[in-house]
Number of protein chains: 2
Amino acid sequence: MIDGTPLPLADQRKPPRADAARNRALLLDAAAALAARCGAAAITMESVAAAAGVGKGTVSRRFGDRNGLLQALLDHSERQFQEAFLTGPPPLGPGADPLTRLHAYGPAAVRHEHLHRDLYLAAEPPPGRRYSVPAGQLRHRHVALLLRAALPDADAGLLAHTLLASVDRVLVDHLVREEGVSLERVEAAWHDLVDRLLGRRA
Amino acid sequence: MIDGTPLPLADQRKPPRADAARNRALLLDAAAALAARCGAAAITMESVAAAAGVGKGTVSRRFGDRNGLLQALLDHSERQFQEAFLTGPPPLGPGADPLTRLHAYGPAAVRHEHLHRDLYLAAEPPPGRRYSVPAGQLRHRHVALLLRAALPDADAGLLAHTLLASVDRVLVDHLVREEGVSLERVEAAWHDLVDRLLGRRA
């Protein structure tokens with residue numbers, strides 16, 4: 001589940017110490033770099049241990065098994081993206097106006113998910129749960145908030161679904177891999193869509 | 001008696017006779033009416049036979065088993081919708097201008113799929129096949145063609161994906177059942193989206 005919250009260990013009473021959290025983040029960074037370079041299939045307890053320069057036992061104690069590692073990796077990746085659009089620097093984060101942030105959101109989502117596509121696509125929920133994943137709901141609230149500010153007379157809730165769907169990871173992966181569409185063309189279509197919705201192309 | 005004609009044998013070279021095709025369509029219409037009234041779960045070989053006033057053996061000979069019947073029912077339903085937008089009367093079919101047909105498409109798709117939602121949702125493909133279903137590709141070509149005519153300077157291929165995604169059956173079902181959104185609001189958002197894209201709301 002990509003829900004932005006850490007997966008608490010069942011028997012853990014207190015939060016991990018700062019150095020433990022930092023070491024966990026270092027392991028996940030090493031795993032994320034490996035996945036981006038070689039694909040999620042290359043992620044094993046051994047390969048991540050080697051990439052981080054630690055023993056396999058360290059990775060096992062931290063994540064349990066490969067599934068636990070992949071879940072933690074996806075959570076880590078989604079959290080980085082959430083931080084970027086919620087609290088990161090402009091134009092994606094606060095500090096830029098809503099229209100500028102809307103323009104920045106699409107390409108940021110496309111690039112982030114393309115980099116981590118193996119992880120995201122492997123975790124794609126079945127149709128009945130597509131809109132109830134907390135991470136997706138957070139993205140929707142964010143885009144709807146920007147839309148409400150930039151376009152007060154629109155149905156921001158439904159329009160946010162439309163905008164997000166235009167850069168849906170399954171769609172973008174299909175376009176790139178099956179139809180030879182470039183990420184640049186997907187990004188250009190996002191900017192064009194935002195411009196048209198905001199009446200800049202009339 | 002709806003089905004007094006012999007079933008064509010597997011090795012028969014000529015197409016089924018017109019009355020056999022008509023009887024098949026009558027069975028499917030009875031099944032579709034039953035599904036719309038009582039849900040797809042109510043569709044059994046027995047219930048369709050009863051609704052059509054024939055024996056269960058007639059239904060079995062025609063469709064094999066329940067899965068075969070449900071698949072035939074979905075094909076039948078999708079074909080009706082295809083005929084409506086490809087060759088039916090305006091404003092959905094030819095005879096109206098592309099902008100008018102675009103406006104008509106969204107509500108027609110939403111109403112059609114809502115009526116047959118059990119069938120469509122049960123057949124929803126897994127993420128990796130979401131964009132390679134032929135019926136979906138035909139819908140995409142149709143909307144892209146209308147967009148190309150109404151909005152020559154847009155990236156019609158990508159924009160058609162966006163428009164179709166705004167009335168995606170899984171999204172609409174989620175909105176209606178989980179968030180209490182009315183079909184009227186979904187339809188209004190479609191018209192607003194088309195108007196904004198076409199610069200009518202600038």
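**Entry 1: the interface**

I looked up the contact between the two chains first, and chain B and chain A bury about 2,700 Å² between them, with 64% of it on carbon and sulfur atoms. Buried area here is the accessible area (1.4 Å probe) that two parts lose on being put together, summed over both. I noted that this is a predicted model, where local features need pLDDT of at least 70, side-chain atom pairs count only at pLDDT 80 or more, and totals for chains, interfaces and linings use all residues. Residues are numbered from 1 along each chain as its sequence is written, chains are lettered from A and ligands numbered from 1 in the order in which they are written, and side-chain values use heavy atoms, with hydrogens and water left out.

Which residues of chain B lose the most area to chain A? They are B:Tyr131, B:Leu158 and B:Arg196, together 23% of what that side buries. Counting contacts (heavy atoms within 4.5 Å), I get 29 residues of chain B against 30 residues of chain A.

**Entry 2: how the copies relate**

I then checked the symmetry. A rotation of 180 degrees with 0.1 Å of shift along its axis superposes chain B on chain A, with an RMSD of 0.1 Å. That is the relation of a two-fold axis. The fit is by least squares on the C-alpha atoms of residues with pLDDT of at least 70 in both copies. I also see that 100% of the interface residues of chain B are interface residues in chain A too, so the copies meet through the same surface.

**Entry 3: salt bridges between chains**

My salt-bridge rule asks for a side-chain nitrogen of Lys or Arg within 4 Å of a carboxyl oxygen of Asp or Glu. It finds 27 salt bridges over all chains, and eight across the interface of chain B and chain A.

I picked A:Arg196 and B:Asp153, whose side chains meet at 3.5 Å, N to O. This pair crosses between chains, from helix α10 (residues 183-197) of chain A to the loop between α7 (134-150) and α8 (156-166) of chain B. Helices are DSSP runs (H or I, at least four residues), as are strands (E, at least two), numbered from the N terminus. Is A:Arg196 buried or exposed? At 4% relative accessibility, A:Arg196 counts as buried; the cut-offs are under 20% for buried, over 50% for exposed and partly exposed in between (1.4 Å probe, protein chains only).

I also looked at A:Glu124, which forms a salt bridge with B:Arg130, the closest N and O atoms being 3.3 Å apart.

**Entry 4: salt bridges within a chain**

In chain B, the side chains of B:Arg111 and B:Glu184 meet in a salt bridge at 3.2 Å, N to O. B:Arg111 lies in helix α5 and B:Glu184 in helix α10 (residues 183-197), so the pair ties together parts that are 73 residues apart in sequence. B:Arg111 is partly exposed at 37%, and B:Glu184 is partly exposed at 48%. I also found a network of salt bridges that share partners, joining A:Glu78, A:Glu113, A:Glu124, A:Arg139, A:Asp168, A:Arg169 and B:Arg130.

In chain A, I found A:Asp75 and A:Arg79 paired at 3.8 Å, N to O. Both lie in helix α4 of chain A, four residues apart, about one turn of the helix. A:Asp75 is buried at 7%, whereas A:Arg79 is partly exposed at 29%.

**Entry 5: the nonpolar cores**

A nonpolar core here is a set of buried Ala, Val, Leu, Ile, Met, Phe, Trp, Tyr and Cys residues joined through side-chain atoms within 4.5 Å. The largest has 73 residues, and A:Tyr105, A:Leu147, A:Leu163, B:Tyr105, B:Leu147 and B:Leu163 touch the most other members. A second, separate core of 22 residues includes B:Ala30, B:Ala49, B:Ala52 and B:Ala72.

I also looked up B:Leu73, which is found in helix α4 of chain B and is buried at 1%. Leaving out residues up to four places away in sequence, B:Leu73 touches B:Leu28, B:Ala31, B:Ala32, B:Ile43 and B:Leu119.

**Entry 6: cysteines and cis prolines**

How many disulfides does the structure hold? I get zero over all chains, taking a disulfide as a pair of cysteine sulfur atoms within 2.5 Å. A:Cys38 is partly exposed at 46%.

Most peptide bonds are trans. The bond from A:Pro90 to A:Pro91 is cis, with omega near 15 degrees, and A:Pro91 sits in the loop between α4 (66-86) and α5 (98-115) of chain A. In chain B, the bond from B:Pro90 to B:Pro91 is cis, with omega near 10 degrees.
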